[in-house]
Amino acid sequence: MVVDRSRQRQAGQPTRRQARCEAIWRAVAAIPRGSVATYGGIAASAGYPRAARLVGYALKTAPDALKLPWHRVVAAGGRIVFAQGSRLHREQRRRLESEGITVRRGRVAVARVEDLDALLWGSDG
DNA sequence: GTTGTGACATTAT
DNA sequence: CATAATGCCACAA
């Protein structure tokens, strides 16, 4: 049995990044309509706690064909990560309000977002 | 191998 | 509430 520490991955196998991105994409796709989740919550739901930044990377590189509900992903405290006035900010706000979620001063008008992403991992929703 | 950066989070000040 | 410092994972130079 050969032991190649430097190149464990076989040719054609998915890279770590790809595997993580796929898990993250699935977690994002699982966000119920009308709810919002945090980057950290998605990372945890995907099985990678503390990988909130990776969620951002995954969303940025996500193929449009997946039609992911990226607008349901907000930062801790329900804040929209995009700068107010930016195109993506208005886009996300518009999509959220389209689902009945109110946005005030760059934040979703949800009492506790943590409770929401908490129901994502544990409860059936 | 080091440094800088990014759709982030947490903690300290 | 605003800033700064760390931690986190992955990528680009």
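These legends walk through several close-up views of a predicted protein model with DNA strands B and C.

Residues are numbered from 1 along each chain as its sequence is written, while chains are lettered from A and ligands numbered from 1 in the order in which they are written. In this predicted model, local features need pLDDT of at least 70, side-chain atom pairs count only at pLDDT 80 or more, and totals for chains, interfaces and linings use all residues, with side-chain values taken from heavy atoms and with hydrogens and water left out.

**View 1. The protein surface near DNA strand B.** Here we meet the residues near strand B, where "near" means that a heavy atom of the residue lies within 4 Å of the strand. Among them are Gly 40, Ala 52, Leu 59, Trp 70, Val 81 and Phe 82. Helices and strands are DSSP runs numbered from the N terminus (helices: H or I, at least four residues; strands: E, at least two). Helix α3 gives the largest share of this surface, 5 residues, and α2 (39-45) also supplies at least two. By class, the surface holds 8 nonpolar, 2 polar and 2 charged residues. In this scheme Ala, Val, Leu, Ile, Met, Phe, Trp, Tyr, Cys and Pro count as nonpolar, Asp, Glu, Lys and Arg as charged, and the others, Gly among them, as polar.

**View 2. Atom pairs at DNA strand B.** Look for Tyr 39, which has a polar side-chain atom 2.9 Å from a base nitrogen of strand B. At Ala 76, a backbone N or O atom lies 2.9 Å from a phosphate oxygen of strand B. Of the strand B atoms within 4 Å of the protein, 37% belong to sugar or phosphate, and the rest belong to bases.

**View 3. The protein surface near DNA strand C.** The residues around this strand are Arg 17, Arg 20, Arg 50, Ala 51, Arg 53, Leu 54, Tyr 57 and Arg 107. Of the strand C atoms that come within 4 Å of the protein, sugar and phosphate account for 82%. The residues divide into 3 nonpolar, no polar and 5 charged. Helix α3 brings the largest share, 3 residues, and α1 (16-29) supplies at least two.

**View 4. Arginine side chains at DNA strand C.** An N or O atom in the side chain of Arg 20 sits 2.6 Å from a phosphate oxygen of strand C. For Arg 107, a side-chain N or O atom is 3.3 Å from a phosphate oxygen of strand C. Arg 53 has a side-chain N or O atom 3.5 Å from a base oxygen of strand C.

**View 5. Two loop residues with positive phi.** Arg 50 lies in the loop between α2 and α3, and its phi is near 75°, a positive value in a residue other than glycine. Lys 67 lies in the loop between α3 and β2 (73-74), with a positive phi of about 50° although it is not a glycine. Arg 50 counts as exposed because its relative accessibility is 79%, and Lys 67 counts as exposed at 71%. Exposed means over 50% relative accessible area (1.4 Å probe, protein chains only).

Terms used:
A polar contact is a pair of N or O atoms within 3.5 Å; within protein, one must be able to donate a hydrogen and the other to accept it, and residues adjacent in sequence count only if both atoms are side-chain atoms. Buried means under 20% relative accessible area, exposed over 50%, partly exposed in between (1.4 Å probe, protein chains only).
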